[in-house]
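Work through the exercises below with the model open beside you. Try each task before reading its solution.

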Amino acid sequence: MSQFKFGNRPLLRSVVKGVGSALPKRLVTNSELEKQVDTSDDWIVQRTGIRQRYLAGEGETTSTLATQAAIAALADAGMDVQDIDLVIVATSTPDYTFPATATIVQAALGITRGVAFDVQAVCSGFVFGVATADKYLTSGSHKCALVIGAETFSRILDWKDRTTCVLFGDGAGAIVLEAQEVTGTANERGVMTSHLRSDGRHRAKLFVDGGPSTTQTVGHLRMEGREVFRHAVGMVTDVIMDAFAATGTSVAELDWFVPHQANRRIIDASADKLSIAPEKVVTTVQLHGNTSAASIPLALSVAKADGRIKQGDLVMIEAMGGGFTWGSALIRW
Ligand code: UT7
């Protein structure tokens, strides 16, 4: 096993082989929410860019959406479930307190080898998942990973709180990553670098007010939106600059900027601060709302399917979320 052979180890990169996504059946527009809380389509669109979101119904859970997204990603990759030896699910809305949703997905897919576990970094979860899978794959210990971001935030929202319930949606997205040998140039495919950060002092600005060890309840999402907004742009631009510095690449070489989809204004302000041209920014918040860990792979899926993201493109993903956590990854697609 290459796991124990450290001398003359080949240089490996985690190459994206496929991407897929899944959405719940029920589409909910802003005007539908007007009937439920004191809000308006105008307010939601102007302050967030969101026009609609999908909400999970009966029988739809984080693991069912994750499994559908994984099947779509494997089909896109032209690969079989038995090729997978690592399943990482990024979620803050697991089916159960335990076992990990990743093991439920693993079983649903019929994978009986390798390892499956969840990562919990709220909206940054997918970036944390990609970074974690990349460490496994480039160490040589594992060969092929499914990294899935999947959420059913509708189930932890306070549907009477207009300041949060209009913002989020449910869904899942997945990518297949495979370890491939490279010589190490910037033109070779794969995850080139990842940069993760967290600072737990910001917990009270975005959290869920329940949990097994404190209240023995699931709890509801609570957010000081303005405070989160105030920190978001600076934090994500820092880790994006770290990614460019670590790879010797520059913003001019970037083909696609695929940020976490929380708010159109945060996305535009981040792109503006980094001088990223608007036509290079993939924005799907209008379609899905904020789907937390699912938002980036959902956006990647949309941009791959409509022909924007092509093999060889340089793609920057980034996110910021509860904790706070934040991170970036630069990928040669
Ligand atoms: O994904 C994890 C990270 N999360 C985020 O990135 C979210 C970051 N924050 C945001 O996106 C924005 O702060 C929000 C969209 C949450 C809010 O936008 P804002 O421009 O910061 O608005 P605000 O919180 O300052 O509220 C402005 C006004 C308030 O009324 P007053 O106090 O000025 O009279 C709110 O009560 O808008 C009111 N308001 C609403 N009005 C209609 C808040 N929610 C609503 C609503 N409909 N749904």
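**Exercise 1. Charged pairs across the domains**

How many salt bridges are counted between domain 1 and domain 2? Find the partner of Asp 158 in one salt bridge.

Solution.
- Note first that this is a predicted model.
- Fix the bounds: domain 1 covers 12-181 and domain 2 covers 190-332.
- Apply the cut-off: a side-chain nitrogen of Lys or Arg must lie within 4 Å of a carboxyl oxygen of Asp or Glu.
- The count between domain 1 and domain 2 is two.
- Asp 158 pairs with Arg 222 through their side chains, at 3.0 Å from N to O.
- Widen the search to polar contacts, and 20 residue pairs turn up across the interface of domain 1 and domain 2, both residues at pLDDT 80 or more.
- Now list the elements on the domain 1 side that touches domain 2. Those supplying at least two residues each include strand S1 (12-22), helix H2 (41-48) and strand S3 (52-55). Helix H5 (125-139), strand S6 (144-152) and strand S7 (170-181) also supply at least two each.
- Sort the residues of that side by class: 26 are nonpolar, 15 polar and 11 charged.

**Exercise 2. Extent of the interface**

What area do domain 1 and domain 2 bury between them, and what share of it is on carbon and sulfur atoms?

Solution.
- Start with the separation: the C-alpha centres of domain 1 and domain 2 are 14 Å apart.
- Count the contacts: 52 residues of domain 1 meet 47 residues of domain 2.
- The size of an interface is often given as the accessible area lost when the parts come together.
- Here the two domains bury about 3,700 Å², with 66% of it on carbon and sulfur atoms.
- In domain 1, the residues that lose the most area to domain 2 are Cys 123, Val 127 and Ile 156. Together they make up 17% of what that side buries.

**Exercise 3. Overall dimensions**

Why does a radius of gyration of 19 Å agree with a compact globule for this chain?

Solution.
- Take the chain length, 333 residues.
- A compact globule of that length would have a radius of gyration near 20 Å, so the chain's 19 Å agrees.
- The C-alpha atoms fill a box of roughly 65 × 45 × 40 Å along the principal axes.
- The secondary structure comes to 10 helices and 13 strands.

**Exercise 4. Backbone geometry in loops**

Which peptide bonds ending at Pro 99 and Phe 324 are cis, and what is omega for each? Where does Val 122 lie?

Solution.
- Phe 98 to Pro 99 is cis, with omega near 5°.
- Pro 99 sits in the loop between strand S4 (86-90) and helix H4 (101-109).
- Gly 323 to Phe 324 is cis too, with omega near -5°.
- Phe 324 belongs to the loop between strand S12 (314-321) and strand S13 (325-332).
- Val 122 lies in the loop between strand S5 (115-119) and H5. Its phi is near 50°, a positive value in a residue other than glycine.

**Exercise 5. Two glutamates in loops**

Which residues does Glu 188 touch, leaving out those up to four places away in sequence? What does the salt bridge of Glu 60 and Lys 25 tie together?

Solution.
- Glu 188 is in the loop between S7 and strand S8 (190-198).
- Glu 188 touches Arg 13, Val 182, Thr 183 and Arg 332.
- A polar atom of the Glu 188 side chain lies 2.8 Å from the backbone nitrogen of Thr 183.
- Turn to the salt bridges, 11 by count.
- In one of them, the side chains of Glu 60 and Lys 25 meet at 3.7 Å, N to O.
- Glu 60 lies in the loop between S3 and helix H3 (62-77), and Lys 25 in the loop between S1 and strand S2 (26-29), so the pair ties together parts 35 residues apart in sequence.

Technical notes: Residues numbered from 1 in each chain as written. Predicted model: local features only at pLDDT ≥ 70, side-chain atom pairs only at ≥ 80, totals over all residues. Heavy atoms only, no water. Domains from an automatic or database assignment. Contact = heavy atoms within 4.5 Å. Buried area = accessible area lost by both parts, 1.4 Å probe. Polar contact = N/O pair within 3.5 Å; in protein donor to acceptor, adjacent residues only side chain to side chain. Helix = DSSP H or I, 4+ residues; strand = E, 2+ residues; numbered from the N terminus. Nonpolar A, V, L, I, M, F, W, Y, C, P; charged D, E, K, R; others polar. Rg over C-alpha atoms; globule rule 2.2 N^0.38 Å.
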